[in-house]
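Colleague: Could you take a close look at the side-chain contacts in this model for me? I'd like to hear about the cysteines, the charged pairs and the aromatic rings, in whatever order suits you.

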Amino acid sequence: MLRYAGAMTMPSTPVRLSPLAWATALLPLATMHVCYLLSASEQLVPWCLPWFEGCTSISRASRSGTAYFVFKAGMLPACVCMMLFWWANRHWLRHMRVEPKIWWWLGMLAPLPLALYTVVLGHEGDTPYLLRRIGVVGFFGLTFLAQLGLSVSLRHSPMSAAGNLLLRLCGFTLLVGIASLILGVIWPEHYDTMDDGFEWALAVLINLHTLRVAWLWQRSGFAVNVSSVS
């Protein structure tokens, strides 16, 4: 419960948090796809279905032209939403009498490497490239672990069926990531043409998990109580 200190507190007002979850999922999805459309329209990248054809990476579609500014303007606010989203997930589970483990901290840390990636995107050189790789691996890795932890925790709540579904989605995401690693080892001469497609697929899968949680927040009426002061 959120309270504001004061001389006299009035009855608290519930504030629904499902818009936060929807923003956390939809803002990154919209940003990276709008950036691709802008770059393709400006002839900076080819037209294709990037999730399947892998004609360009998210980075390449967002690091120049108009997309350079749109990506930063969309992803940095999205990082703030992600931090608040994982903080709120802790309270959501506590409302269902489930004590979350350390995973929610991992979720709150995940936007930091994403913010690093966003800031250095568009800059050339070995150091920016290294920072971008750290940002990508750090964000995907920490977010996946947080989503896995949330899915397992939900299995011990009244929403156990939803937890099982989310856990299966995590399993599929893991399989996609493992397939990407294996293909990079056994088929390196052709992997460069597939790597970008895997990147888009993983980004979409990560956000699908958040979309499902947003729907659960909305269905359950998850809210925090904000007290007013006279």
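Modeller: Here is a walk through the contacts, from the cysteines to the aromatic rings, with a few backbone and surface notes along the way.

Keep in mind that this is a predicted model, and that side-chain atom pairs count only at pLDDT 80 or more.

Let's start with sulfur. A search of the whole structure turns up 1 disulfide, and the partners are C48 and C55, with an S to S distance of 1.8 Å. As background, a disulfide is a covalent bond between the sulfur atoms of two cysteines. Here the torsion about the S-S bond of C48 and C55 is about -60°, so the disulfide is left-handed. The two ends fall into separate accessibility classes: C48 is buried at a relative accessible area of 14%, while C55 is partly exposed at 23%. C81, on the other hand, is in no disulfide, and the nearest cysteine sulfur, that of C79, sits 9.3 Å away. Since the cut-off for a disulfide is 2.5 Å between sulfurs, that distance does not qualify. C81 is buried, with a relative accessible area of 16%. C35 is buried as well, at 0% relative accessibility.

Now the charged pairs. In general, side chains of opposite charge can pair when their charged atoms come close. The structure holds 2 salt bridges. One of them brings together the side chains of D196 and R60, at 3.4 Å from N to O. D196 belongs to helix α8 (residues 188-220) and R60 to the loop between α2 (50-53) and α3 (65-95), so this pair ties together parts that are 136 residues apart in sequence. D196 is buried at a relative accessible area of 11%, whereas R60 is partly exposed at 33%. So what does E99 pair with in a salt bridge? The partner is R94, and the closest N and O atoms are 2.9 Å apart. Neither of these two is buried: E99 is partly exposed, with a relative accessible area of 47%, and R94 is partly exposed too, at 33% relative accessibility.

A short detour to the backbone, where two phi values deserve a mention. Most residues other than glycine have a negative phi. Q43 has a phi near 60°, a positive value in a residue other than glycine. You'll find Q43 in the loop between α1 (18-41) and α2, and Q43 is exposed, with a relative accessible area of 73%. R97 also has a positive phi, near 65°, and is again a residue other than glycine. R97 is placed in the loop between α3 and α4 (103-109), and at 75% relative accessibility R97 counts as exposed.

On to the rings, of which there is plenty to say. The structure holds 12 aromatic pairs. Among them is the one between Y36 and W200, which is edge-to-face, with 6.2 Å from centre to centre and 80° between the planes. Y36 lies in helix α1 and W200 in helix α8, so the pair ties together parts that are 164 residues apart in sequence. Both Y36 and W200 are buried. The rings of W86 and W103 make another pair: their centres are 5.9 Å apart and their planes are at 75°, so this pair is edge-to-face as well. That contact links distant parts of the chain, with W86 in helix α3 and W103 in helix α4, 17 residues apart. W86 and W103 are both buried. These two tryptophans also belong to one aromatic cluster, made up of F85, W86, W92, W103, W217 and F222.

Last, the outside. A nonpolar patch on the surface is formed by L174, I178, I182, V185 and I186, with about 480 Å² of accessible area together. Within that patch, I182 is found in helix α7 (residues 160-186), and at 44% relative accessibility I182 counts as partly exposed.

To put helix α8 back in view: D196 in helix α8 has its partner R60 in the loop between α2 and α3, and W200 in helix α8 has its ring partner Y36 in helix α1.

Notes:
Residues numbered from 1 in each chain as written. Predicted model: local features only at pLDDT ≥ 70, side-chain atom pairs only at ≥ 80, totals over all residues. Heavy atoms only, no water. Buried < 20%, exposed > 50% of the residue type's maximum accessible area, 1.4 Å probe, protein only. Patch = residues over 30% accessible without salt bridge, like charges linked within 9 Å, V, L, I, M, F, W, Y side chains within 5 Å. Areas by Shrake-Rupley, 256 points an atom, 1.4 Å probe, with all protein chains shown as cover. Salt bridge = Lys/Arg side-chain N within 4 Å of Asp/Glu carboxyl O. Helix = DSSP H or I, 4+ residues; strand = E, 2+ residues; numbered from the N terminus. Phe/Tyr/Trp six-rings, centres within 6.5 Å; stacked < 30°, edge-to-face > 60°.
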